[in-house]
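User: I'd like a close look at one part of this protein: the helices toward the end of the chain and whatever packs against them. Could you walk me through that region in one go?

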Amino acid sequence: MKLNIAVLPGDGIGPEIIGQALRVTEAVCEKFGHELSYEYAIVGASAIDEVGNPYPDSTHELCMSADAVLFGAIGDPKYDNDPSAKVRPEQGLLAMRKKLGLFANIRPVTTFPSLIHKSPLRAELIEGADFMCIRELTGGMYFGRPQGRSEDGNTAYDTCVYTREEVERILHLSYKYAQLRRKKVTVVDKANVLATSRLWRQVAQEIEKQYPDVETEYMFVDNAAMQIIQWPKRFDVLVTENLFGDILTDEASVITGSLGMLPSASIGIETSVFEPIHGSYPQAAGKNIANPLATILSAALMFEYAFELKEEGALIRKAVDASMDAGVVTEDISSAGKAYSTSDVGDWIVNFVKK
Ligand code: IPM
Ligand code: MN
């Protein structure tokens, strides 16, 4: 098969972790006889520095013409500490999501036997947890307008907007994934307070009837925040709006043992994007210490979701599990004091794939 991918390393540790994921992707393609071609493009703070735009048209065109996008991370402290900056790296990520129509962000949450002890949660609570967060990605407060400040600068506002169509499409997608899993959907909202959440709930109550084989439950987001860490095994597919999904998935990474482990797939209308959920971790940039596994697992999702190449994805997962069992891991998840570098972990996984 021909695989044509756009590679967007972005900022901070992005280039290092993407470098390893790309090597793993190349090794898998070689092993299975796929023809891989890829091209790099700029995004985020590095794109602002180069061309003044965090998601330049040339990058968008490359993404549109590719079969899949492998994405690193964006963000730079020089913008985090300057709330008055007119152009921000995050705008690049948001523009990409909007322009590619990536309305569904799929964030699988599972545990790894060798990491169970790394979680601050008790082993018996998390062992075997396996659920999928589906975060709506192109609506809600991230994109709602008006957004801004009053003239005197002392009042600020964001607007949360959802349309029926936006809610319907993400719910249908969630039910379809639930049908392939344990057939349970948890719709997370704040319908006791927010109008947008009441629309979500109303639409969900209509749509659930079309999927009688799937059990539906409704949960307020505050309660969900608690249940995710108290009883993670009760969830199968959890679907929620953009901001709630952003927050709940960082929380859910605690179950996995490290934020450095969670991959994601963003799918929608145009080309799908595969990216780790963690950020650009600027403190570690250039040090070859960042955990590449979330990005390597995002490459596994790319094989599975963008190309329907299940065996290839499974081999990457197997290699990641084996690297952890062998203790070849970066400092964030190492135990016996021996930490490997980003590229050591990549080397080990590439060799495993080639065997
Ligand atoms: C994520 C990130 C982004 C988000 C930031 C970098 C804009 O936190 O993908 O979860 O909030 O969506
Ligand atoms: Mn986030």
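Analyst: Happy to. A good place to begin is tryptophan 348, which has 27% relative accessibility and therefore counts as partly exposed. Please keep in mind that this is a predicted model.

Tryptophan 348 sits in helix H13, which spans residues 342-354, and phenylalanine 352 lies in H13 too, four residues along, or about one turn of the helix. The rings of tryptophan 348 and phenylalanine 352 form a stacked aromatic pair, with 5.8 Å from centre to centre and 20° between the planes. Phenylalanine 352 has a relative accessibility of 17%, so this residue counts as buried. The cut-off at work here is 20%: below that value a residue is called buried, and from there up to 50% partly exposed.

Both aromatic residues also take part in the packing of H13 on its neighbour H12. Trp348 and Phe352, together with Ile349 and Val353, are what H13 brings to the contact, while H12 brings Leu315, Lys318, Ala319, Val320, Ala322 and Ser323. Sorted by class, the residues where H12 meets H13 are eight nonpolar, one polar and one charged. In general, a pair of packed helices is described by the angle between the axes and the distance between them. For H12 and H13 the angle is about 130° and the axes are 9 Å apart. The two helices are therefore oblique to each other, because angles over 145 degrees would be needed for roughly antiparallel, and 65 to 115 for roughly perpendicular. Their crossing is right-handed.

Now let's go to residue 342 of H13. Threonine 342 belongs to this helix, and with a relative accessible area of 0% it is buried. Setting aside neighbours within four places in sequence, threonine 342 touches Glu16, Gln20, Asn288, Ile289, Ala290, Pro292 and Thr330.

One of those partners, asparagine 288, deserves a stop of its own. Asparagine 288 is in the loop between strand E12 (272-276) and H11, and it has a positive phi of about 60° although it is not a glycine. Most residues other than glycine have a negative phi. Asparagine 288 has 28% relative accessibility, so it counts as partly exposed.

H12 has a second helical partner, H1. Helix H1 covers residues 14-32 and helix H12 residues 310-325; they pack at an angle of about 130°, with 11 Å between their axes. H1 and H12 are therefore oblique to each other as well, and their crossing is right-handed. On the H1 side the contact is made by Val24, Val28, Lys31 and Phe32, and on the H12 side by Glu311, Glu312, Leu315 and Ile316. By class, these residues of H1 and H12 are five nonpolar, no polar and three charged. Leu315 is worth finding on your screen: this residue of H12 is listed in the contact with H1 and also in the contact with H13.

Just ahead of H1 is glycine 12, in the loop between strand E1 (2-10) and H1. Glycine 12 is partly exposed, at a relative accessible area of 27%. Apart from neighbours within four places in sequence, glycine 12 is in contact with Ser280 and Ala285.

Stepping back from H12 toward H11, you come to the loop that joins them, where glutamate 308 is placed. Glutamate 308 has a phi near 55°, a positive value in a residue other than glycine. At 64% relative accessibility, glutamate 308 counts as exposed.

H11 itself brings in one more aromatic pair; the structure holds six of them. Tyrosine 177 and tyrosine 305 form a tilted pair, 6.0 Å from centre to centre and with 40° between the planes. This pair links distant parts of the chain, as tyrosine 177 is in helix H7 (residues 164-179) and tyrosine 305 in helix H11 (residues 293-306), 128 residues apart. Tyrosine 177 counts as buried at 17% relative accessibility, whereas tyrosine 305, at 25%, counts as partly exposed.

To put the region together on your screen, start from H12: H13 packs on it through a contact with eight nonpolar residues, and H1 packs on it through a contact that includes three charged residues.

Note on methods:
Residues are numbered from 1 along each chain as its sequence is written. Chains are lettered from A and ligands numbered from 1 in the order in which they are written. This is a predicted model: local features need pLDDT of at least 70, side-chain atom pairs count only at pLDDT 80 or more; totals for chains, interfaces and linings use all residues. Side-chain values use heavy atoms; hydrogens and water are left out. Axes are lines fitted to C-alpha atoms, for helices over the stretch in contact, and angles run from 0 to 180 degrees between N-to-C directions. Angles under 35 degrees count as roughly parallel, over 145 as roughly antiparallel, 65 to 115 as roughly perpendicular and the rest as oblique. A crossing is left-handed if the near helix is turned anticlockwise from the far one by less than a right angle, and right-handed if clockwise. Contact means heavy atoms within 4.5 Å. Ala, Val, Leu, Ile, Met, Phe, Trp, Tyr, Cys and Pro count as nonpolar, Asp, Glu, Lys and Arg as charged, and the others, Gly among them, as polar. Rings of Phe, Tyr and Trp (its six-membered ring) pair if their centres lie within 6.5 Å; planes under 30 degrees apart count as stacked, over 60 as edge-to-face and the rest as tilted. Buried means under 20% relative accessible area, exposed over 50%, partly exposed in between (1.4 Å probe, protein chains only).
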